[in-house]
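Dear colleague,

I am passing on the structure we spoke about, with some notes on what turned up when I went through it. Please read them with the coordinates open beside you.

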Amino acid sequence: FRSRDISTSIPPHNLREITSAIVHRIKHPDCLVDDLLKYVPGPDFPTGGIIFKSAGLEDIYRKGRGKVIVSGKAEIVTDGKGASQIIISEILFHVNKSMLVKSIDKICHDKTIPGILEVRDESDKEGLRICVDLKNDCKPDAVLAYLMNKTQLKTSFSAQVVAIVDDKPKTLDLLYL
C-alpha cells in the first residue's frame with residue numbers, strides 16, 4: 001500500500017473515558033463494543049459543542065466509519081431592557097471563530113434574514129463569547145435556527161478510524177482502537 005491510499009479522521013476523546021475503557025478491556029478481554037460504550041459516550045472536542053446522538057455515532061464505534069452532526073452551544077437570552085440576544089459560548093472543532101463571526105456579520109449586512117442588529121466577538125481570557133443582538137420584532141428561535149443551518153455553527157464531522165495493522169491499512173471499531 002501507499003500512504004496516499006489511506007486517510008484517517010479519528011475524533012478526539014476524553015482521556016479519562018478512554019482510560020476507563022482500556023482498563024475495562026484489560027480486565028475483560030472478551031468484552032463487546034456495548035460494554036466499552038458505557039465508558040466512551042462519544043467524542044470530546046476541545047472547543048466544546050453538542051454532538052447529536054445518531055446512527056452515525058454508533059457506526060463510528062461499531063464499524064469504524066460514520067458521520068455525526070455537531071453544533072456550537074448557543075442560547076437565547078433577554079437583557080434587562082427586554083432585548084433578545086443569541087450568545088454563542090462554544091464553537092465546533094476546526095471552525096475558525098473570526099470566520100464564523102464574519103459569516104454572521106455578512107448575513108446581518110446582506111439582510112438575508114431580518115432580525116439581526118449586530119454581531120460582536122466578546123471573547124476574552126475567560127472564554128469564548130459571540131453576541132448576536134436581535135431586533136425587538138424578530139423571532140429569536142427562527143434566527144438561531146437560520147444561523148445553525150447557514151453558518152458553521154452546526155455541521156457534520158465524518159470519522160474514519162483507519163490504522164496500520166500488520167503493515168496494512170485497516171478500519172477499526174472501538175474494540176481495537
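In this predicted model, three strands make up an open, antiparallel sheet whose order is S1-S2-S7. Strand S1 (50-51) and strand S7 (154-160) are the edge strands, and each has a single partner strand, so one side of each is left without a neighbour in the sheet. Strand S2, which covers residues 65-71, is joined to S7 by seven bridges in the antiparallel sense, and within the sheet you will find Gly 66 standing opposite Ala 159 of S7. Helix H3, formed by residues 55-63, lies across S2 and S7 and runs at about 145° to S2.

A second antiparallel pairing links strand S3 (residues 73-78) to strand S4 (residues 84-90), this time over six bridges, with Glu 75 placed opposite Ile 87 of S4. These two strands, S3 and S4, form a hairpin that has five residues between them, and Gly 82, which sits in the turn, has a positive phi of about 90°.

As for the interior, the largest nonpolar core has 40 residues, and those that touch the most other members are Tyr 61, Ile 86, Ile 116, Val 143 and Leu 147. Helix H4, spanning residues 97-110, contributes the most to this core, with five residues. Ile 86 may be worth displaying with its surroundings: leaving aside residues up to four places away in sequence, its contacts include Ala 74, Glu 75 and Ile 76, as well as Ile 130, Cys 131 and Val 132, and also Val 143, Leu 144 and Leu 147.

Turning to the chain as a whole, the protein contains five helices and nine strands. Its radius of gyration is 20 Å, well over the 16 Å that the globule rule gives for 177 residues, so the protein is more spread out than a compact globule. Along the principal axes, the C-alpha atoms fill a box of roughly 60 × 35 × 30 Å. Buried residues account for 34% of the 177 residues, while the area that the protein exposes comes to about 11,000 Å², of which carbon and sulfur atoms supply 52%. Finally, if one takes the contacts between residues at least 6 apart in sequence, 58% of them join residues that are at least 24 apart.

With best wishes

Notes:
Residues numbered from 1 in each chain as written. Predicted model: local features only at pLDDT ≥ 70, side-chain atom pairs only at ≥ 80, totals over all residues. Heavy atoms only, no water. Pairing = 2+ DSSP bridges. Helix = DSSP H or I, 4+ residues; strand = E, 2+ residues; numbered from the N terminus. Contact = heavy atoms within 4.5 Å. Axes fitted to C-alpha atoms, helices over the stretch in contact; angles between N-to-C directions. Core = buried A, V, L, I, M, F, W, Y, C linked by side-chain atoms within 4.5 Å. Buried < 20%, exposed > 50% of the residue type's maximum accessible area, 1.4 Å probe, protein only. Rg over C-alpha atoms; globule rule 2.2 N^0.38 Å. Areas by Shrake-Rupley, 256 points an atom, 1.4 Å probe, with all protein chains shown as cover.
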